[in-house]
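Student: I would like a close look at one part of this protein, the nonpolar core and what surrounds it. Please take me through it in one go.

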Amino acid sequence: MPLGSANLKEKLDKMAYFLFFGPPGSGKTLALRALATECNAMTLDLTPSNIAGRCTDKASIGKTLYMAFAVAKHFHPSIIFMDEID
């Protein structure tokens with residue numbers, strides 16, 4: 001379904017959060033990047049390998065998550081991306 005369709009736009013306006021999940025190699029990351037490009041959304045990448053050296057304890061991890069969600073709320077539309085969190 002094209003992103004510009006009225007039906008999809010109506011459904012997206014009612015939803016605030018999405019969760020992409022599935023087996024490795026199924027195209028989740030590619031779909032997320034395409035969605036970010038089409039919606040002109042800011043992407044916050046919180047993949048553990050990106051924040052590994054910056055967050056050393058639970059308090060700093062909590063602060064990082066809090067700040068990411070605060071920034072995402074302020075700069076709408078935003079996508080918080082967490083890959084390989086298992």
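Tutor: Start with A36. Setting aside neighbours within four places in sequence, A36 is in contact with A41, T43 and I79. This is a predicted model, and the contacts are those of the predicted coordinates.

Two of these partners, A41 and I79, belong with A36 to the largest nonpolar core. That core has 5 residues, and L32 and F81 complete it. Helix 2 (28-39) and strand 2 (78-81) are the elements that give two or more residues to the core. In soluble globular proteins, nonpolar side chains tend to be buried together.

The core belongs to a protein with 4 helices and 2 strands. Read from the N terminus, the order of elements is α-α-β-α-α-β. Among contacts between residues at least 6 apart in sequence, 62% join residues at least 24 apart.

As for burial across the whole protein, 16% of the 86 residues count as buried. The protein exposes about 7100 Å², and carbon and sulfur atoms supply 61% of that area.

How far the coordinates can be read depends on confidence. The mean pLDDT of the protein is 81, with 84% of residues at 70 or more. Strand 1 (residues 42-45) has the highest confidence, at a mean of 89; T43, a contact of A36, lies within the residue range of that strand. Helix 1 (residues 6-14) has the lowest, at a mean of 68. Where pLDDT is low, the predicted coordinates should not be read in detail.

Conventions. Residues are numbered from 1 along each chain as its sequence is written. This is a predicted model: local features need pLDDT of at least 70, side-chain atom pairs count only at pLDDT 80 or more; totals for chains, interfaces and linings use all residues. Side-chain values use heavy atoms; hydrogens and water are left out. pLDDT is the predictor's confidence in each residue, from 0 to 100. A nonpolar core is a set of buried Ala, Val, Leu, Ile, Met, Phe, Trp, Tyr and Cys residues joined through side-chain atoms within 4.5 Å. Buried means under 20% relative accessible area, exposed over 50%, partly exposed in between (1.4 Å probe, protein chains only). Contact means heavy atoms within 4.5 Å. Accessible areas come from the Shrake-Rupley method with a 1.4 Å probe; for residues, only the protein chains shown count as cover.
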